[in-house]
Amino acid sequence: MERKEIRNNVFQTEYDVLIVGAGVAGMNCAMHLSAESRILMISKGGIRESDSYLAQGGICVLRDEEDFDGYFEDTMRAGHYENDPATVRCMIENSRDTINALSGLGVRFERDNHNSLLYTREGAHSRSRIVYHADCTGKEIASHMLKEVKKRENVEILSHATMLDLITEENRCLGAVVRINKTGELLLVKANAVVLATGGVGGLYRHSTNFRTLTGDGVAVALRHGVKVEHPDYVQFHPTTLYSKGRGRKFLISESVRGEGARLIDSKGERFVNELLPRDVVTEAIRKKMAEEGSEFVRLDLSTVKGGEETLNRHFPSIMRRCKKEGYDILREPVPVVPAQHYFMGGVKSDLEGRTSMKNLYAVGETCCNGVHGKNRLASNSLLEAIIFAKRAAEDIAKSKNGHTEGLPALDLDAYFNYRKRQEEDKKAVRRAIENEDE
């Protein structure tokens with residue numbers, strides 16, 4: 001990295017594109033940018049600490065032409081018909097090409113003896129249309145993408161680096177302020193385009209399936225600079241995470257388990273809800289049952305999975321291992337589960353090309369709100385949406401003829417540092433208040 005020190009511990013550097021986030025959205029954007037572009041991709045934590053690596057269930061795809069209306073309706077119904085129809089159509093129409101491209105990268109989707117893709121089903125889907133790799137599809141996809149990105153000589157990856165703010169002038173993004181977490185150094189990164197791919201908001205919740213580093217940074221900087229944000233209250237809770245009393249990230253028990261026949265039961269062993277209803281409906285039913293029983297969890301019976309032990313070992317090995325580690329024999333006893341924060345449907349408002357209301361600023365993946373999910377995301381649409389619209393953003397950036405920014409505006413660094421200090425103090429005060437309320 002070429003950089004110039006402009007004051008003690010503050011440096012300035014320049015790239016064509018800055019990508020903030022290293023999940024599948026950020027990586028697919030980098031992969032589809034021009035090979036002539038100098039790209040910096042930063043990750044707040046380790047390079048593999050993104051929720052993309054945690055996705056278990058799979059990734060949706062249009063089965064055939066006859067499936068279009070059903071897939072479209074399932075997505076719209078799950079989203080309470082608040083979805084943007086044009087965005088949903090775009091996602092569905094590009095789904096098969098996306099799966100083919102991932103297979104071309106070496107992603108090992110499950111296949112039958114004739115090498116045809118196998119499909120599974122999750123909640124609110126009218127048919128099986130989800131391709132998968134065991135119960136770690138996100139890790140399989142993200143790992144192959146990372147290998148591909150590392151091959152690109154024009155892409156530099158900087159882990160443990162936090163975006164603190166955008167650098168803007170007259171509703172135009174010129175770059176971002178980045179802190180190197182281990183050294184405290186600040187980088188003023190000048191860029192022709194900035195792509196926000198910072199993920200969701202799970203780190204703000206006590207109980208979440210997300211990495212703790214995901215604290216809505218993209219939305220925060222957008223609000224600070226008057227960039228349009230939509231539906232920040234649209235937060236999805238996953239119905240089934242493994243119950244534990246400890247703090248920290250909750251272990252997700254994939255919806256595919258219920259798609260394969262697992263049943264939710266109460267303390268009497270009785271089924272109380274259709275497990276394949278949309279996530280918000282199942283979550284509400286679980287919370288109602290917990291309130292009725294005065295319990296902190298309900299139970300998930302995996303002994304009813306079609307194919308029994310063979311299916312569990314083949315399709316859900318990670319879940320089997322984790323439950324065993326926690327002391328549960330899922331073939332002989334139900335496991336305790338509880339809803340936890342899982343996904344953010346709101347975010348920085350963006351269009352089909354990832355463009356935001358600020359020039360040269362893009363938002364993709366869970367950070368953005370392009371209308372595809374509506375009020376509640378349909379299972380296994382997240383990886384697909386992130387990959388498709390990140391590619392479209394990259395193509396829009398590549399064909400842009402805006403040229404390089406002429407220079408960064410003058411920054412009052414002392415005032416900026418004082419502002420950041422006050423902001424951190426306010427954040428700590430809010431966290432203390434939340435923790436006291438939890439107790």
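Me: Before we look at helix α4, what do buried and exposed mean?

Reply: Buried means under 20% relative accessible area, exposed means over 50%, and partly exposed lies in between (1.4 Å probe, protein chains only). Helices (H or I, at least four residues) and strands (E, at least two) are DSSP runs, numbered from the N terminus. Please keep in mind that this is a predicted model: local features need pLDDT of at least 70, side-chain atom pairs count only at pLDDT 80 or more, and totals for chains, interfaces and linings use all residues. Residues are numbered from 1 along each chain as its sequence is written, and side-chain values use heavy atoms, with hydrogens and water left out.

Me: Thanks! Which residues of α4 are buried?

Reply: A general idea helps here. An α-helix has 3.6 residues a turn, so residues three or four places apart point the same way. In α4, which spans residues 95-105, the buried ones are S95, T98, I99 and L102. They cover an arc of only 95 degrees around the axis (taken from the directions from the helix axis to the C-beta atoms), which puts them on the same side of α4. D97 and G104, on the other side, are exposed.

Me: What do the buried residues of α4 pack against?

Reply: Contact means heavy atoms within 4.5 Å. By that rule their partners are β4 (59-60), α3 (85-93), β5 (130-131), α5 (137-151) and α11 (382-399).

Me: How do I read a sheet?

Reply: Strands of a sheet pair through backbone hydrogen bonds, either parallel or antiparallel. Two strands count as paired if DSSP finds at least two bridges between them. Here, 3 strands form an open sheet in the order β11-β17-β19, with mixed pairing. β11 (229-230) and β19 (368-369) stand at the edges, each with a single partner strand, so one side of each has no neighbour in the sheet. Strand β17 (residues 347-349) runs parallel to β19 and is joined to it by 2 bridges; V348 stands opposite C368 in β19.

Me: Is H373 buried or exposed?

Reply: H373 counts as buried, at 6% relative accessibility. You will find H373 in the loop between β19 and α11. Its side chain makes a polar contact with the side chain of E385 (3.2 Å). A polar contact is a pair of N or O atoms within 3.5 Å; within protein, one must be able to donate a hydrogen and the other to accept it, and residues adjacent in sequence count only if both atoms are side-chain atoms.
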